[in-house]
Amino acid sequence: MNGEILSNVIANQTIHEAYGGVVPELASRVHQQNIIPAVQQAISKAKVNKNDIDAVAFTRGPGLLGSLLVGVSFAKSFALALDKPLIEVNHMQGHVLAHFIGDHKPSFPFLCLTVSGGHTQIVLVKDYFDMEIIGQTTDDAAGEALDKTSKVLGLPYPGGPLIDKYARQGNRGAYKFPEPQIPNYDFSFSGLKTSIMYFIRDNVKTNPDFLQENMADICASVEYRVVTILLNKLKRAAIEYGIKDIALAGGVSANTGLRQGLTELCEQQGWNAFIPKFEYCTDNAAMIAIAGYYKYLKGEFVGQDIAPLARMPF
Ligand code: KG4
Ligand code: ZN
């Protein structure tokens, strides 16, 4: 055990595509079916024996309760059977700590923009488990805004990656969407979503083929607005806190426009950009494992009476 990732198995759930979003009841059922085969695959890919395992780390929250229950129950049973310690991990801290996989690690304190389907946070990371949320969304998350917009555009779920794909062929200056005026380092994406809905409704009224003809430009313009909303706040926070190591985390950090935007911003300002590898952006086991590793070093274990938390502050 030295903080090196030996395997990172992800069991994708394509079943939700037919419903245009995650169906909680289905998510937990599929988790329940997948969890033992996924763990077996992780052990075999890592080329270890289950008796080589020193501890079992699991996500306690935040998230969908049904899915968390599957993971927590399995982790408890597995740890009990192996007679090894059990380690709880906060999902959002896991996204941030994914930056400690590999050699290119940020130095404390650093800022991390954590953007996913459920969260949008600017986190001041003072130490591995000493993190402060200095700004967050007051309504929709950035990924949620992209997913909802893509639905309006008639694209399948999850729309974030498809908006990214179309945006690469479009002109980001084609359409101007409003930037909300929200105080401090907080965000709001619900107004943007509404303005995009009206924009499409009005244009389709005059040209029924408006969407098909302009999909790339619309996606590029929407993505550009979301990226500028995120990076403008992040830039302000970095200047005001005097921080030069700036990181991205969460599913939306897989977005090409956001990755390029942060790289350019850091080049202009003389800051260091930390952009996760694709496999560590969207939800993954490695980020929970690395967070578990740092808790293991501190000896921070939990008992068998632990329960999941749908909402879990840190
Ligand atoms: O962190 P994550 O895998 O799950 C949550 O904890 O929510 O994030 C999923 C989100 C979805 O909203 C998805 O549309 C978005 O990440 N996403 C992207 C891209 N890849 C995933 N958004 C924009 N561009 C991408 N390439
Ligand atoms: Zn996540």
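In the predicted model, Ser-188 is buried, its relative accessible area being 10%. This residue belongs to the loop that runs between H5 and H6. Its side chain is engaged in a polar contact with the side chain of Asp-139, at 2.6 Å. The loop between H5 and H6 also holds Asn-184, a residue that has a positive phi of about 60° although it is not a glycine. Helix H6 itself covers residues 190-206.

A second non-glycine residue with a positive phi is Lys-47, for which the angle is about 55°. Lys-47 is placed in the loop between helix H1 (24-45) and S1. With a relative accessibility of 75%, Lys-47 counts as exposed, because the threshold for that class is over 50%. Most residues other than glycine have a negative phi, and most peptide bonds are trans.

Departures from the trans form are found at two prolines. The bond between Gly-61 and Pro-62 is cis, with omega about -5°. Pro-62 is located in the loop that links strand S1 (56-61) to helix H2 (65-82). The peptide bond from Tyr-157 to Pro-158 is likewise cis, its omega being near -5°. Pro-158 sits in the loop between H4 and H5.

The strands S3, S4, S5 and S6 are considered next. Strand S3 comprises residues 110-115, and six of its six residues are buried. In a regular strand the side chains alternate between the two faces of the sheet. Both faces of S3 are covered, with Phe-110, Cys-112 and Thr-114 buried on one side and Leu-111, Leu-113 and Val-115 buried on the other.

S3 pairs with strand S4 (residues 120-127) in the antiparallel sense, through six bridges. Within this pairing, Phe-110 has Val-125 of S4 as its bridge partner. The two strands form a hairpin, and four residues lie between them. S3 is also joined to strand S6 (residues 245-249), here in the parallel sense and by four bridges. The bridge partner of Thr-114 in S6 is Ala-249. Pairing continues from S4 to strand S5 (residues 130-136), the two running antiparallel with six bridges between them. Gln-121 is bridged to Gln-136 of S5. A hairpin connects S4 and S5 by way of two residues.

Two ligands are described, beginning with the zinc ion. The protein donors of the zinc ion (ligand 2) are the NE2 atoms of His-91 and His-95 together with OD of Asp-283, at 2.0 to 2.2 Å from the ion. The spacing of these donor residues along the sequence is H-x3-H-x187-D. His-91 and His-95 are about one helical turn apart, because they are separated by four residues in helix H3 (residues 91-97). Both histidines fall below the 20% limit that defines a buried residue. The relative accessibility is 14% for His-91, which therefore counts as buried. For His-95 the corresponding value is 1%, so this residue too counts as buried.

Asp-283, a donor to the zinc ion, is also one of the residues that come nearest to ligand 1. The shell around ligand 1 contains 17 residues, and the nearest also include Gly-117, Asp-147, Asp-164 and Gly-251. By class, the shell residues divide into 10 polar, four nonpolar and three charged.

Several polar atoms of the protein approach ligand 1. An N or O atom in the side chain of Asp-164 is 2.9 Å from a nitrogen atom of the ligand. Two glycines contribute through the backbone: a backbone N or O atom of Gly-143 lies 3.3 Å from an oxygen atom of ligand 1, and a polar backbone atom of Gly-118 is 3.4 Å from an oxygen atom of ligand 1. Taken alone, ligand 1 exposes 560 Å², of which the protein buries 85%. The elements that supply two or more residues to the shell are H3, helix H4 (142-152) and helix H5 (160-167). H3 is also the helix that holds the zinc donors His-91 and His-95.

Terms used:
Residues are numbered from 1 along each chain as its sequence is written. Chains are lettered from A and ligands numbered from 1 in the order in which they are written. This is a predicted model: local features need pLDDT of at least 70, side-chain atom pairs count only at pLDDT 80 or more; totals for chains, interfaces and linings use all residues. Side-chain values use heavy atoms; hydrogens and water are left out. Donors are N, O and S atoms within 2.8 Å of the metal (3.2 Å for Na, K and Ca); water is not among the atoms, so sites may look incomplete. Buried means under 20% relative accessible area, exposed over 50%, partly exposed in between (1.4 Å probe, protein chains only). Two strands pair if DSSP finds at least two bridges between them. A residue is near a molecule or strand if one of its heavy atoms lies within 4 Å of it. A polar contact is a pair of N or O atoms within 3.5 Å; within protein, one must be able to donate a hydrogen and the other to accept it, and residues adjacent in sequence count only if both atoms are side-chain atoms. Accessible areas come from the Shrake-Rupley method with a 1.4 Å probe; for residues, only the protein chains shown count as cover. Ala, Val, Leu, Ile, Met, Phe, Trp, Tyr, Cys and Pro count as nonpolar, Asp, Glu, Lys and Arg as charged, and the others, Gly among them, as polar.
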